[in-house]
Amino acid sequence: MNLLLETLQFVQNNGDRVIDAGIRHVNLSFSALVLASLFAIPAGIWLALSGRYTLLVINIANVGRTVPSLAILALAMPLLGTGFTPSLLALALLAVPPILINTYVGFNGVDADTIDAARGVGMRESQITRQVRLPLALPMVFAGLRTAAVQVISGAVLAAYIGGGGFGEFITSGVAMMAMPMLLVGAVPATILAIAVDALFGVLQKAMTPKGIRTS
């Protein structure tokens, strides 16, 4: 009870800081996800449609998925310095593998008979991509976005180590000062944000799934 009261008191006394940290955390996470998507989704579609360099790129992406978030942020610091922009680029790099892989799998996994049927009724390749492949691949693409979003929000906490700001500042300061209320002010909102975004993308993923292939 005392810890809860101390935490609420800290929030009351530092309301502006908490709000600014939340805005920066959301801005950093959202920007990184958008930046990664702008690269990874077209790249995944190109890989699936062209079949070129697929094994090489997918293997690199799989290796990228195993690299810890803190390691990527640590590598960004000597190359790019500290602050918002290096954190943004590092988090975008963290988000690319799941989006790229899921986009490739989604587009590449469309049933061949469905594609042949579309060709049989006279659809051009561009029409097949937009009207057949894309709707069927969207659930898998959103699954990749969902995974990447949670990873980015979690990684943004660690971005405080290289000046990225956000809720991670309270966590790192709380650990350094052994101040549990300060730590909770950073940890609890970051956790809630990750859970909420995961749930949101889950709803979007279900909404984007064509009714004919829904399991429930």
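**A walk around the predicted model**

Visitor: How does Arg146 count, at 26% relative accessibility?

Guide: This is a predicted model, and its Arg146 has a relative accessibility of 26%. Buried would mean under 20% and exposed over 50%, with one class in between. So Arg146 counts as partly exposed.

Visitor: Which residue meets the side chain of Arg146 in a salt bridge?

Guide: To count, a side-chain nitrogen of Lys or Arg has to be within 4 Å of a carboxyl oxygen of Asp or Glu. Here the N to O distance is 2.9 Å. The partner of Arg146 is Asp198.

Visitor: How many residues apart in sequence are the parts that Asp198 and Arg146 tie together?

Guide: Start with where each one sits: Asp198 lies in helix α9 and Arg146 in helix α7. The pair therefore ties together parts whose separation in sequence, in residues, is 52.

Visitor: Which residues are joined into one network by salt bridges that share partners?

Guide: Look for a residue that turns up twice. Arg119 meets Asp116 in a salt bridge (3.5 Å, N to O), and Arg119 also forms one with Glu125, where the closest N and O atoms are 2.7 Å apart. With Arg119 taking part in both, the network is made of Asp116, Arg119 and Glu125.

Visitor: By about how much of the helix are Arg119 and Asp116 separated?

Guide: Both belong to helix α6, which covers residues 112–120. Because they are 3 residues apart there, the separation is about one helical turn.

Visitor: How far from Arg133 is the nearest side chain of opposite charge?

Guide: Arg133 is found in helix α7 (residues 125–158). Arg133 is buried, yet has no salt bridge. The cut-off is within 4 Å, while the nearest side chain of opposite charge, Glu125, is at a distance of 5.0 Å.

Visitor: Which helix gives the most to the largest nonpolar core?

Guide: That core has 39 residues, and those with the most contacts inside it include Leu33, Ile99 and Phe201. Six helices, α2, α3, α4, α5, α7 and α9, each supply at least two residues. With 12 residues, the one that gives the most is α5.

Visitor: How many residues are in the other core that lies apart from it?

Guide: This other core lies apart from the largest one, and its members include Val157, Ile171, Met182 and Val185. Its number of residues is 11.

Visitor: Is Leu38, one of the residues in the nonpolar surface patch, buried or exposed?

Guide: Leu38 lies in helix α2 (residues 15–50). Together with Val26, Phe30 and Val34, Leu38 makes a nonpolar surface patch of about 390 Å². Its relative accessible area is 62%, and the bar is over 50%, so Leu38 is exposed.

Visitor: What positive phi does Met178 have, although it is not a glycine?

Guide: Met178 is found in the loop between α8 (168–177) and α9 (180–208). Met178 is exposed there, with a relative accessible area of 75%. Its phi is positive, at about 55 degrees.

Visitor: And where is Tyr53 placed?

Guide: Tyr53 is not a glycine, yet has a positive phi of about 60 degrees. Helix α2 covers residues 15–50, and α3 covers 54–66. Tyr53 is in the loop between α2 and α3.

Conventions: Residues are numbered from 1 along each chain as its sequence is written. This is a predicted model: local features need pLDDT of at least 70, side-chain atom pairs count only at pLDDT 80 or more; totals for chains, interfaces and linings use all residues. Side-chain values use heavy atoms; hydrogens and water are left out. Helices (H or I, at least four residues) and strands (E, at least two) are DSSP runs, numbered from the N terminus. Buried means under 20% relative accessible area, exposed over 50%, partly exposed in between (1.4 Å probe, protein chains only). Lys and Arg count as positive and Asp and Glu as negative; His and the chain ends are not counted. Patches are made of residues with over 30% relative accessible area and no salt bridge: like charges are joined within 9 Å, nonpolar side chains (Val, Leu, Ile, Met, Phe, Trp, Tyr) within 5 Å. Accessible areas come from the Shrake-Rupley method with a 1.4 Å probe; for residues, only the protein chains shown count as cover. A nonpolar core is a set of buried Ala, Val, Leu, Ile, Met, Phe, Trp, Tyr and Cys residues joined through side-chain atoms within 4.5 Å.
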